Every structure is written in structure tokens, then in C-alpha cells.
Amino acid sequence: MVESLLSVTMRSLYVSSASSLIAFVVAIALSFYITRMGKRIVEMVTGIFEALVGVPTTAIGLVVYMLLYPGGPLGPLRILYTPYAIIFGEFFVALPVAFTFMIRHVHSAREYVRELVLSLGGLEKQVTAFLLRELTPVLLSSYLLAFSRAIGELGVALIAGGGIEGYTNVLTTAIAIQTSIGNYEYAIYLGLILILITVAIVLSLKILGEYIIWR
């Protein structure tokens, strides 16, 4: 039972960390690129991503399944019911959360940082580096939100991963499966682990963010 709990927990951390990290990097690139296009474009794209935040994960899981099933456009990849399918699906769950949180901060700080860097004799190409440093707490928080969204979702993990024990079973699917078969004690253990992981990461990143702000 202990090994199984450890295995499920480590698998959850792996797929959620990978998917949220990819989403985080893509969100940074999108944010920095779109903020160069003017306020109207920023507002339009932000509105689209804000709408995507509310899409149920079961709907995302269904779309991912249709993409990855053997007759789908990505079927030749043969990653359906593998951890890679969960990572792929959770990327679309985490991306809107990470993007919508950071885009307004990047947009509002960009001109201020640019003017500051240029007035101090810096170069245009140094603006992005200074902006990344200035917004580090915001970026950490956006990763936190993306990770929390990914590790707590069920629809994608169940539909695209299948909840296969020892292979694609993650904390949320394990909780659902164990509850459905009446193994409530095991499901409670899994739920407590999920809560502890989420709280620990939230506190760690908040402490890190405060350290960066006040150092």
C-alpha cells in the first residue's frame, strides 16, 4: 500500500510538473510576444484565454482523446493511455491559467521597464531580461496556479490516461477509482496527499516570491 501510494504520488508530480512547466514556458513566450502588438490585441487575446479557463477538463479530455485515438490526427504518435497523453492534455488545462495571470502584469510593466532600461543607458535587447527579473514573483505565481490546476484536474487524466494502475494512474484518478469500488480509506489517504502537496508547493513558492521581492 505504501509503495502504491508513493508510486501514484510520484507519477502525479511528474506529469503535472511536466505539463505545467511546458504551459508556463509557452505562456511566457506568448505574453512577451503579444504585448508588443498593442492594447487592443492584448485585450482580445486575453479575453479568449479567460474564456478557456472555464472550459471543463472533461471537455478538454474528450478533445485530447479525439486527437490521440488511433484514427485521430495524432493517432500515429501512439501515446493515448500513456503518461505522455496526460501531459499533453494537462498542458491545455494549465496554459490558459498561466497566461491570463501573467499577461496583464507583463503588459503593464513592459513600457515602464523599457523606459527605465533605456534611460539608464541599457539596450533594447536587455529589456526582456530586466522584465523577467522584475516580474519573477508574478511568474512564479503563474506557475503555481498552472501546477495546481494540472495536479487537481480529473477529466484529462481519466479520459486520455485511462487510470491504468502502475502506469497512468495519478492521484485524482486513483481517488475516483478507489471511491467507486468502496475503498474509502485508501481514497482518503490519496486525498490527503493531494492536499498536502498542493499546500506545500503554494507555501514554498509564496515564501520564495516574498524573498525575491524583499531581497
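**An all-helix chain, residue by residue**

I'll start with one residue: T173 is buried, at a relative accessible area of 0%. Buried here means under 20% relative accessible area, exposed means over 50%, and partly exposed is what falls in between, with a 1.4 Å probe and protein chains only. Before going on, the ground rules. This is a predicted model, where local features need pLDDT of at least 70 and side-chain atom pairs count only at pLDDT 80 or more, while totals for chains, interfaces and linings use all residues. Residues are numbered from 1 along each chain as its sequence is written, and side-chain values use heavy atoms, with hydrogens and water left out.

Back to T173. This residue sits in helix α8, residues 171-180. Helices are DSSP runs of H or I with at least four residues, strands are runs of E with at least two, and numbering starts at the N terminus. What does T173 touch, leaving out residues up to four places away in sequence? L154, A157, L158, G163 and T168. Contact means heavy atoms within 4.5 Å. The side chain of T173 also makes a polar contact of 2.7 Å with the side chain of N169. For that term, a pair of N or O atoms must lie within 3.5 Å; within protein, one must be able to donate a hydrogen and the other to accept it, and residues adjacent in sequence count only if both atoms are side-chain atoms.

Now the whole chain. The secondary structure comes to 9 helices and 0 strands. The C-alpha atoms fill a box of roughly 65 × 45 × 25 Å along the principal axes. Of the 215 residues, 43% are buried. Taking contacts with a separation of 6 or more, 73% are between residues 24 or more positions apart.

Next, the annotation. The UniProt record, an unreviewed entry, places "domain: ABC transmembrane type-1" at residues 9-205. In the model, that span is 77% helix and 0% strand, and its end C-alpha atoms lie 20 Å apart. The same kind of record lists "transmembrane region" at residues 12-35, 47-69, 81-103 and 186-208, again from an unreviewed entry. UniProt positions are in the numbering used here, feature names are shortened, and annotations may be inferred rather than shown by experiment.

Two of those stretches, then. Residues 12-35 are 96% helix and 0% strand, with 34 Å between the end C-alpha atoms. For residues 47-69 the figures are 83% helix, 0% strand and 31 Å.

In helix α1, residues 2-34, we find I34. I34 is buried, at 6% relative accessibility. Setting aside neighbours within four places in sequence, I34 contacts I41, V42, V45 and F99. From I34 to E134 the C-alpha distance is 18 Å, with their positions 100 residues apart in sequence.

On to the α2 and α3 part. G54 is in the loop between α2 (39-53) and α3. Is G54 buried or exposed? Exposed, with a relative accessible area of 60%. The C-alpha atom of G54 lies 9.1 Å from that of P96, and the two are 42 residues apart along the chain. T57 lies in α3, residues 57-68, and counts as buried at 14% relative accessibility. Outside four places in sequence, T57 touches V93, R149, E153, L154, G155 and V156.

The loop between α3 and α4 (83-119) holds R78, and Y81 is in that loop too. Most residues other than glycine have a negative phi. R78, not a glycine, has a positive phi of about 55°, and Y81 has phi near 60°. R78 is exposed at 74% relative accessibility, whereas Y81 is partly exposed at 35%.

Last, one helix pair. How do α5 (residues 127-134) and α6 (residues 136-152) pack? At an angle of about 65°, with their axes 5 Å apart. Axes are lines fitted to C-alpha atoms, for helices over the stretch in contact, and angles run from 0 to 180 degrees between N-to-C directions. The two helices are therefore roughly perpendicular; that label covers 65 to 115 degrees, with under 35 roughly parallel, over 145 roughly antiparallel and the rest oblique. The contact involves L132, R133 and E134 from α5, and T136, P137 and L139 from α6.
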